[in-house]
Structures are given as C-alpha cells and as structure tokens.
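Reader: Please take a close look at one part of what is shown below and describe it residue by residue where that helps. I would like each term to come with its cut-offs, and the confidence to be stated alongside the geometry.

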Amino acid sequence: MSEITSTQKYEAEYFELIKKRRTYSAILLGVFIVLMISGFNVVDDRNAGSFWAGITSIFDFPREVILEASEKIEKIPGLFVKFFPSLIETINIAAAATLAASIFAIFLSMLATQGMAKWPRLIPVFRRTLDIMRAIPDFVIALILIFILGGGPVPAMIAITFHTTGALGKLFSEVNENASLQPLDGLSSVGASWMQKMLLGILPQVSPNYFSYALLRFEINIRISAILGFVGAGGIGYDLKNAISWGKGRYDEAGAIFILLFVTIVIVDQLSGIFRDRLTHGKKSEGLL
Amino acid sequence: MSTNNIETLKSNVNKLFYFKRAWAFGIPIAILAYFTYVFISFDILGLSERGSLKNAKSLVGDMYSHKVHVTRDNRKGDISISIEGEKKGRYPSGEAPEWIELGSTSKINLGNGHLIYFGEKDVVYEVPNYGRIWAEPGLGGVEAEYPNGPLPEWINQSKNRVTITTEAGRLTITRNRTEVFRYFYGWELFFFTLDSQYHGKSISELTSLAFNGELPKIMTDFWYNKMWRHSDVAWAIGETILMAFLGTFGAALVAFPLAFLAAKNITPLAPVRFFFRRIFDFTRGLDHLLWTIILARAFGPGPLTGALAMVVTDTGTFGKLFSEAIENVDKKQIDGVQSTGARNIQRYRFGVIPQITPVLLSQILYYFESNIRGATVIGAMVGGGIGLMLTQAIITQSNWEEVTYYIILIILLVTATDWLSGKLRQRLIKGSLNN
C-alpha cells in the first residue's frame, strides 16, 4: 500500500508545483498586460495625434503618393535617373564605412582576444573601447560631425564607421575565441612578427565568418545611411526629406525614391543572404524559401 | 606515382599559388582603389573648406568646461554677470562671484595675475609678462593703447572691435559692450541653479542640511534644476525605454499568432504560408525610416508613432524568426501530447509552445536591447524621448555640455540593457538546457 501513498504524495506535490507555477505566470502576465496598456496610454497621450484617430487614416499618405505618382507615371523613369546618383552616394557611404570599419574591427578584435592580443594587459581597455563605440548611436556622431565638418556624406561615413567598428569588433572577437591558436605557435617558432602571425595564422581561419558578419552589417548600414541622409547627411535620404517636406506636387519624387530605396534594400538583402549562406554552408545553397 | 602525375600536381600547385598570390595582392589593391574613388567622389579634400576648426574647438571646450560672461553695457554702464551668457544662469544684480569686485571701478580677477578693471567707460587689462592694455569705446570706435613693441598675435584689433585672448580668458570691447569671458572646468550649475539657496554649498554642508530635514527641498531644487532639467531628462529616458518596450513586445504579440500561419509544419496550405511570409518580408524590407514617415503622417509626431514604427518593422522580423523557430521544434513532443488524446489547440499549447518559449523570449530580449538603441534614433525623427532632447540640444549649436550629458546617459542606458538582457538570455538558454 505504501506505493499508492507515495504516488499520491508525488501527485499532490506535482499539482502543488503546477499551481504555484500557474500563479506566478498569471501574476507575470497580469503585470505585463498592465504595463502594456498603461504604457500605451501614456504614449498615446503624449503623441500629437491619437491612435484611434490615426488608425483610420494610416493609408492616406501612401494613397496620395501613389495617386500622384501614377498621374505622372511617365516622369517616374526620369526621376529614377535623377535620383540614381544620390542612391549611389548612400550605398557608397555604407560600403566605405563597412569596409573601413571591418579593417579597424579586425585589429581591435584581435587586440581584445585572449591568446592573440599583442599586449595582453590592455585587453580590457580594447574591450571597453569597443563597447563604448557600439553604445554611441551613429546619428549622434553624425549630427555632431555635421556641425564640425559641414553637410555631405563624410560625417555619415565617419559616424557609421565608428559605430560599425564597435559592433563588428564584438562579433569578430567572438569568432576569434573559437579560432585555433596552434598555427600561432607554429608561426612563432619560425620567428613571425605579430602582424604576420595574425595575417597568416588567424585570418585564413576566420575570414569566412568575418566576411559573413561584414555583409550583414553592410545590409544594416545601407538602411542607416538612408536614415542619416534624412537627418542632414547627404545621399538619397536627404532627397527624400526634401521631397516629402515639399508636400503635394512633389510626391512623384517621393514615390520614385521610395521605390528606389525599397528595391535596393531588397536586392542587397537577397544578395547578401545568398553570399552568407554560401559562406557558412558551403557552395550548395538551399534556396531562399 | 608516375612522372606525369607529379608534373600535373606541380602545375596544379603552381596554379594555386599563382591564384593565392593574385588574391593576396589583388584584394588590398581593390580596397585601395575603392577608397581612392570614395575619396574623390566624397570630395574629402574640400573638407578643409567646409569644415570649421572653430566649431570643433568650441564644441570640445564646451564639453568639459564652461565660461562666465561679465558684460558691461557701454551705453548704460550696467554690468551683468551670467554663466554661459544664459538668462537662466544670470546673477541677481549687485551680486557677483568672489573673483569679481563690483564698485565704481570693478575689478575682475581672471587668476594667474590677470586683472581687468572696468572704469567709468574705459577698460584696463593687466597681462602678466606683457603689460597694461588700456581701451575706451567711444563714438568713433574703440581707442586702445598697448605697451611698446609690435602687437602680439593674441590681440585682434580693428576700428570697431578689440579682442584679447589669453590663457586666462577673453576680453572683447566694441562700441556697445565690453565683455569678459572666464573659463572654468566642469559643467556649470549641474546640481543647483543660482536662484537656489543651495548653490555654492559644499557637500558636507549639504549633508548636514539634509540631516536637518531639508532633504526634500534640496531634492526638489536639484530635480527641477532649470538649466539641466533633470526631471525632464529622466522622463525622456523613461519614454525612450517605453517606446522600445511597446514596440518590441507589441510586435511580438502581433507576430506570434501569425508565425504559426507561416510555419511549414503547422500550416499545410502553401498559399497561406506564402502570403504571410511575403507580408513579413514587406514590413521588414520597408525600412524603419519609411514606416516612420508613413506613420508620422497618420499619427503626428510623438512617441506613439515611434513605438508603432517599431511594431510594424519588428513584426516582420519576429514573424520570420518565430516561424523558423516553430519549424525547428521537435515533432516527438507533439506526437507524445497527441497520443494522450489532446485536441489541436492542446497540442500546440503543450507540444509546441514550451519548446519555443525560451528561444522566442531570448530573441525578443535581443531585439528589445537593440530597439533601445533604435528608440533614440526614432525619437529624434518622430520627436520623443531622449533622442528629441539630444537633437534639440545639438540644434542650438552651443549647449554641447548638455549633448555630452545626454550621450553619457545614452551610453549608460545601452550598456545597462546590454548587460541585463545578456544575463537574462544566458539564464533562459541555461534553463532550457536543464529542462
């Protein structure tokens, strides 16, 4: 009979536990719901227009843009040509920044990794440097640099480079931690310098991962570079801002820029997806689903 | 092994080495070529014309120091003293810091032996190791007398304006006003403004006052400091966190049911799956920027618009991530639940959800963390949170100490969320392994 009592005991304990767990979950859920609703109300109060008034007119602006753009449909190809140089500038900002940041991040991440660092005592310094570079939002740096350097693509490029160095540096140093350190011993034994050890011993191991992260970052940076254009640095974001703040009458331009940006983002996303897939899984790609 | 084989092997190896060498030289050359192209197309040489070293200097100086203006209106003869020349930092008339003696001849001590005397109309500046400079503004401009010898380069003299810049400060004399700047390290009035009775008190004095029951008053004076607006800043940071919170979790709530509809193992109908996947792609592909613009038209500027922009874009991201997580669940658990006679809903509740919860939560946390950073940018565009305060401070182009303060706060905020979400995610992943 003792078997039955012990089963009963376990059963009671089990239900006790379940009950406890359910109460905790319910409390957590309650707190979450209260936070969501009260947070929503606070934000709704502080907004210029309320949620319920705006939700009905959410498609008004897209409709106006589409209507005006379709009225002037014959002008759209010309506008594509007109804004293509700014699009190239936006892409160039992202590309140059990603490239420069990758180079900085390679060195900084190696200096911040145990076993590879040239000055092991300074590892925490380089780590914190990367953390801080990552934490400062790029638009802040861009706005400050616009004040010092004037408008144009250079502030945006420097700002994105700065932030990307921090972001990539962290990812790269995670890759570095998984790299084998044995080639370094071999290279040390033949008297290689630190630079040679890194270039010949580490880089070949980690370059596919580096490349994949850098591509991912390039994708993100194109979007950021468009946003930075919107706050004053050059490129297509700047044109978009001008077209939109002009209001009706230049919505055909806004529409054309919308399309250009959207298509560019999609193309870059897809291409980098294919490349990254190949880098991580070898040549055979499974398709894009 | 035949000679033939060795020959082919050798030529293969040579070829390989040739390619490797070409790569090793080709990549740096390509990078260099690209940078050269960017250098030219961004007109980097023209930067020296567009850029302004003066702006850079004033920015960096403002970040760690502040200046006190002593201004005399040369028509009326009034002297006003204010910190950073701001109205909020002006000393009440008749009061002055201890380095200024007001009187019929006011004496301004800039430190290190630099002394300036404001007379009835004229100004005398005694510069150590140089001598005595006398100047008087009049109707015809500014008259000035210097010690003998050539004029040093730190004195800038023209008919209507004399500017003397020394390491102790700056004296500017024009027809209308005579102005002295003295620079101090640190941020001015960070704790208390001049109208507070606690301004200029030391920490020990303040603690003893606090223990004597004045703590609430001290705190209010600090909290509602008119220059630094600590309460507004705290509120703005709260708003930024709130935007990120609503955006991330709102998106998760919308994406969660939709992800089931886009998962291969849950929804057998390919067209339905295709439809939802394309929706996810669309909301993700149309960037934050574009959504923000569209939503700002409907909802007006403010934090709600920012939160909604995050909801829309992250719905796409979460939809994709969640549906992938759902596709990767272990089918055995679902079968096990089914074998006990569970209905469809119960199968999802007990077979699928416990498996994906840790993965989903960790993804949500990761995006919450990145959205906190994003919320500062979006806040700058839609006008909400610390991003708005930051852009407002930058636009004034003079309050760089406030900009520095906000940047430090943002860095602290981002680092804190990084750390917290890292800890939580670690626990989630460990917890799911233990189960």
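Author: Lys121(B) is partly exposed, because 13 other C-beta atoms lie within 10 Å of its own, and the scale behind that word calls a residue buried at 20 or more such atoms within 10 Å, exposed at 12 or fewer, and partly exposed in between, with C-beta atoms placed from the backbone. This is a predicted model, in which local features need a pLDDT of at least 70 and side-chain atom pairs count only at pLDDT 80 or more, while totals for chains, interfaces and linings use all residues. Residues are numbered from 1 along each chain as its sequence is written, and chains are lettered from A and ligands numbered from 1 in the order in which they are written.

Lys121(B) sits in the loop that joins β5 (114-118) to β6 (123-127) of chain B, where strands (E, at least two residues) and helices (H or I, at least four) are DSSP runs numbered from the N terminus. Although 14 residues separate Lys121(B) from Ala135(B) in sequence, their C-alpha atoms are 9.0 Å apart in space.

The two strands flanking that loop belong to an open sheet of 6 strands in chain B, ordered β3-β4-β5-β6-β7-β8 with antiparallel pairing; two strands count as paired if DSSP finds at least two bridges between them. Its edges are β3 (100-101) and β8 (141-145) of chain B, and each has a single partner strand, so one side of each has no neighbour in the sheet. At one of these edges, β3(B) pairs in the antiparallel sense with β4(B) (residues 106-111) over 2 bridges, and Glu101(B) has Lys107(B) in β4(B) as its bridge partner.

Between β4 and β5 of chain B comes the loop that holds Asn112(B), a residue that is not a glycine and yet has a positive phi of about 55 degrees. Most residues other than glycine have a negative phi. Asn112(B) counts as exposed, because it has 11 C-beta neighbours inside 10 Å. Asp43(B), in the loop between α1 (3-41) and α2 of chain B, also is not a glycine and has a positive phi of about 55 degrees, but Asp43(B) is partly exposed, with 13 other C-beta atoms within 10 Å.

Chain B has another open sheet, whose 6 strands follow the order β2-β1-β12-β11-β10-β9 and pair in the antiparallel sense. Its edge strands are β2 (79-83) and β9 (155-157) of chain B, each of which pairs on one side only, and from one strand to the next the twist averages 10 degrees, taken between axes that are lines fitted to C-alpha atoms, for helices over the stretch in contact, with angles from 0 to 180 degrees between N-to-C directions.

Within this sheet β1(B) and β2(B) run antiparallel and are joined by 5 bridges, with His69(B) standing opposite Ser82(B) in β2(B). The hairpin made by these strands has 5 residues between them, and there Gly77(B) takes a positive phi near 85 degrees. Side chains alternate along β2(B): Ile79(B), Ile81(B) and Ile83(B) are buried and point to one face, whereas Ser80(B) and Ser82(B) point to the other and are not buried. With β12 (residues 177-185) of chain B, β1 (residues 65-73) of chain B shares 9 bridges, again antiparallel, and Val70(B) stands opposite Val180(B) in β12(B).

The largest nonpolar core has 133 residues, and Leu390(B) and Tyr406(B) are among those with the most contacts inside it; a nonpolar core is a set of buried Ala, Val, Leu, Ile, Met, Phe, Trp, Tyr and Cys residues joined through C-beta atoms within 7 Å. Apart from it lies another core, of 22 residues, which includes Ile83(B), Ile108(B), Tyr125(B) and Ala168(B).

As for confidence, the mean pLDDT of chain B is 84, and 98% of its residues reach 70 or more, pLDDT being the predictor's confidence in each residue from 0 to 100. In chain B the lowest mean, 77, is in helix α2 (residues 47-50), and the highest, 92, is in helix α5 (residues 230-261). The model as a whole scores ipTM 0.80 and pTM 0.81.
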